[in-house]
Amino acid sequence: MPYNNVNDLARLVTKNEVISSLANVNFDPNLITDDIIKIAEITHIEKVIGREFYEELVTQHDPTGTLTTANQTLMDDFLVRCLSWFVRFETLNDLQYNTTGTGIMENIDDFSQAVSPKQFDLIKQDVYRKATLFLQDMLDYISDENNINNYPTYKTSKYRDEDAMGDVTANKQGGIIFY
């Protein structure tokens, strides 16, 4: 399958959709950029659903395209929420640290106290766990025998990480590499 450049098309979620999906979560909305959303899409969605299905969703979701009924349901009921949590996960490091001309600084003000590295790690793990739960819910929906025919370009590549040579012997899941 050829690799089509879909980077100039609309992101699968907007900044406002992320903020709306995470309404009960307090974080800086200025950290949500198109690049962070694209990183979350490529890292956490594209690799799991397969490139062909990812391109189909991005192309149809772009203002110049039209989502099929099945893909619209997937976007509305599963993908926006799932991707929003992965965007949050990708913004956590920037939330705690700020890169300046003098180096990497910890973001704290006069009335706050930074969490310990262990606490920060627990927070990141919890956000990743929530995002992964929503991802699994979406994959279960797509893979259900009543729905699978609605998504013909979906490839069951759950947590598959393939290198340029097609090697799938190493897989990443939650920061641990399995061989």
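A residue counts as buried here when its relative accessible area is under 20%, and as exposed when that area is over 50%, with partly exposed residues in between. That yardstick comes up again and again below. The structure itself is a predicted model, so everything that follows is computed from predicted coordinates.

Start with the whole chain. The protein has five helices and four strands. Read from the N terminus, these elements come in the order α-α-α-α-β-β-α-β-β. Of the 179 residues, 36% are buried. The accessible surface adds up to about 10900 Å², and carbon and sulfur atoms account for 51% of that. As for contacts between residues at least 6 apart in sequence, 65% of them join residues at least 24 apart.

Helix 3 is a good place to look in more detail. This helix covers residues 51-61. Eight of its eleven residues are buried, so helix 3 is largely enclosed by the rest of the structure. The buried ones are Arg51, Phe53, Tyr54, Glu55, Glu56, Leu57, Val58 and Gln60. Thr59, which also belongs to helix 3, is partly exposed, because its relative accessible area of 41% falls between the two cut-offs.

Part of what surrounds helix 3 is helix 2. Two packed helices are described by the angle between their axes and the distance between the axes. For helix 2 and helix 3, the angle is about 130° and the axes are 7 Å apart. The two helices are therefore oblique to each other. On the helix 2 side, the residues that meet helix 3 are Lys38, Glu41, Ile42, Glu46 and Ile49, and their partners in helix 3 are Arg51, Phe53, Tyr54, Leu57 and Val58. Sorted by class, this contact holds six nonpolar and four charged residues, with no polar ones. Several of the helix 3 residues in this contact, including Phe53 and Leu57, also appear among the buried residues of that helix.

The segment before helix 1 reaches helix 3 as well. Leu9 sits in that segment, ahead of helix 1 (15-21). Not counting residues up to four places away in sequence, Leu9 touches Val58, Thr59 and Asp62. Leu9 and Val58 are 49 residues apart in sequence, yet their C-alpha atoms are 6.9 Å apart in space. For Thr59 and Leu9, the separation is 50 residues in sequence and 7.0 Å from C-alpha to C-alpha. With residues up to four places away again set aside, Thr59 touches Val6 and Gly65 in addition to Leu9.

Back to helix 2, which spans residues 34-49 and has a second helical partner in helix 5 (residues 117-143). The axes of these two come within 12 Å and cross at roughly 25°. Angles under 35 degrees count as roughly parallel, and that makes helix 2 roughly parallel to helix 5. The crossing is right-handed. Helix 2 contributes His44, Ile45, Val48 and Ile49 to the contact, while helix 5 contributes Tyr128, Leu135, Met138 and Leu139. By class, that gives seven nonpolar residues, one polar residue and no charged ones. Ile49 turns up here in the contact with helix 5, and also in the contact with helix 3.

Another helix 2 residue worth a look is Ile39. Ile39 is partly exposed, at a relative accessible area of 39%. Its C-alpha atom is 9.3 Å from that of Phe86, although the two residues are 47 apart in sequence.

Helix 4 (residues 69-96) holds Thr91. This threonine counts as buried because its relative accessibility is 2%, which is under the 20% cut-off. Leaving aside neighbours within four places in sequence, Thr91 is in contact with Leu31 and Ile36. The two threonines looked at here thus sit differently: Thr91 is buried, whereas Thr59 is partly exposed.

Note on methods. Residues numbered from 1 in each chain as written. Predicted model: local features only at pLDDT ≥ 70, side-chain atom pairs only at ≥ 80, totals over all residues. Heavy atoms only, no water. Axes fitted to C-alpha atoms, helices over the stretch in contact; angles between N-to-C directions. Parallel < 35°, antiparallel > 145°, perpendicular 65-115°, else oblique. Left-handed = near helix turned anticlockwise from the far one by under 90°. Contact = heavy atoms within 4.5 Å. Nonpolar A, V, L, I, M, F, W, Y, C, P; charged D, E, K, R; others polar. Buried < 20%, exposed > 50% of the residue type's maximum accessible area, 1.4 Å probe, protein only. Areas by Shrake-Rupley, 256 points an atom, 1.4 Å probe, with all protein chains shown as cover.
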